[in-house]
Amino acid sequence: MNHQPVDATTATSPLPMVSVVVPIYNGEADLPELINCLLSQTYPKDRVEYLLVDNNSSDRTLTILKTSAENCPITIRPLSENQIQSSYSARNTGIRAAVSEIIVFTDADCRPQPQWLDALIKPFVNKEVVIVAGEVLPLPGTTLLEQHAEREQTLSQKHTLNHAFRPYGQTANLAIRRIALEKAGLFRPYLTTGGDADICWRILEENIGRLEFAPNAIVQHHHRTTLKELQSQWRRYGRSNRYLHELHGVDLMREITLKECGYRLARWLLKEVPRDIKKALAQPTLRQSSVTTAGIVGQAILVDLLNTPIGLFTARARTAGQRDSKLPENAKIIDRL
């Protein structure tokens, strides 16, 4: 095992110690790429510990974590959370084991870019900053659903940072000062979605400090590739809104009725599709390009053409998730350090 000592108080270094917490459930396939991304970080290796928390996986995740920590040039600390099946509970396990003043979060299926930690930690030079959110960008995708999500910037922090209730950062790319966690509490361990908004809002509500965006602190993430995955993703967003409504009074979303869907689809077929096809055919790029380029351009046009039905599909999934869920009583519990 890699038991290199981590000095949390070294006064000679201008850079703070950082603890990176990653909850992992059945992440066997993601771990090699994730660890390669952690190895490529430009932040000084002796100033970072990586707490990779297995959340009762049924695959070889924990075994791989322990093996990866052996003789590794970075400090990897394999941990386990087997009591509660929740990424937020796993993150709390990592926070409790962390030695650093700044706790960073990402996920096993994310791909942090080499300058990620450097850019994410930089705003903390200002003592008033207690939360920093980095950007989440898509990994290259080839399917129509992936390209649609990329076009809509589905995973971007710009949506959460401009939330109508209060800004927050997603745990795919988030850093929080330990002092803020000591005062506001940790994640709600039994919450299954919406925990990133909840913890940021609790910190901001107590006026502990402010949130800052670090656009150059980039992690990449795959978009969903199938309708089933897309539906599950947006139903989860709906559940999150319901839970945050019950916890913080966030407004519920207006439900899109079948009648409204029918009207918008008819408008799409009769007006938008003919208009967009006519516009596409008029483009010199499509008329004069090679077969390969024409195929790429044609697929981009198809993504545009399908924007309305895909948008209606995700909106219906989101409102269904909101309608069909209710916050469990134990999800109100806040863990403490």
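**Exercise 1. How exposed is Arg 323, and which residue does its side chain meet in a salt bridge?**

Step 1: Start with accessibility. Arg 323 has a relative accessible area of 43%, so it is partly exposed. For the cut-offs, buried means under 20% relative accessible area, exposed over 50%, and partly exposed in between, with a 1.4 Å probe and protein chains only.

A quick word on the input: this is a predicted model, where local features need pLDDT of at least 70 and side-chain atom pairs count only at pLDDT 80 or more, while totals for chains, interfaces and linings use all residues. Residues are numbered from 1 along each chain as its sequence is written, and side-chain values use heavy atoms, with hydrogens and water left out.

Step 2: Find the partner. The side chain of Arg 323 meets that of Glu 255 in a salt bridge, 2.5 Å from N to O. The criterion here is a side-chain nitrogen of Lys or Arg within 4 Å of a carboxyl oxygen of Asp or Glu.

Step 3: Place the pair on the chain. Arg 323 sits in helix H13 (residues 307–323), and Glu 255 in the loop between helix H9 (227–248) and helix H10 (258–281), so this pair links distant parts of the chain, 68 residues apart. Helices here are DSSP runs of H or I with at least four residues, strands are runs of E with at least two, and both are numbered from the N terminus.

Step 4: Check the partner and its surroundings. Glu 255 is partly exposed too, at 34%. A network of salt bridges links Arg 235, Glu 255, Arg 323 and Asp 324.

**Exercise 2. Where do Arg 264 and Glu 260 lie, and how far apart are their closest N and O atoms?**

Step 1: Both are in helix H10, 4 residues apart, or about one turn of the helix.

Step 2: The closest N and O atoms in this salt bridge are 4.0 Å apart.

Step 3: Arg 264 counts as partly exposed at 34% relative accessibility, and Glu 260 is partly exposed at 21%.

Step 4: Try another pair, Arg 267 and Glu 272, whose side chains meet at 3.1 Å, N to O. Arg 267 is partly exposed at 37%, but Glu 272 counts as buried at 13%. The structure holds 20 salt bridges.

**Exercise 3. How many disulfides does the structure hold?**

Step 1: Apply the cut-off, a pair of cysteine sulfur atoms within 2.5 Å. The count is 0.

Step 2: Look at Cys 37. The nearest cysteine sulfur belongs to Cys 110 and is 9.6 Å away, and Cys 37 is in no disulfide. Cys 110 is in none either.

Step 3: Add accessibility. Cys 37 is buried at 13%, and Cys 110 is buried at 0%.

**Exercise 4. Which strands pair with S1, and are its faces covered or open?**

Step 1: Two strands pair if DSSP finds at least two bridges between them. S1 is joined to the parallel strand S2 (residues 48–54) by 7 bridges, with Val 22 opposite Leu 52.

Step 2: S1 also pairs in the parallel sense with S4 (residues 102–105) over 4 bridges. Here Val 20 stands opposite Val 104.

Step 3: Now the faces. Strand S1 (residues 18–24) has 7 of its 7 residues buried. Val 18, Val 20, Val 22 and Ile 24 are on one side, with Ser 19, Val 21 and Pro 23 on the other, and both faces are covered.
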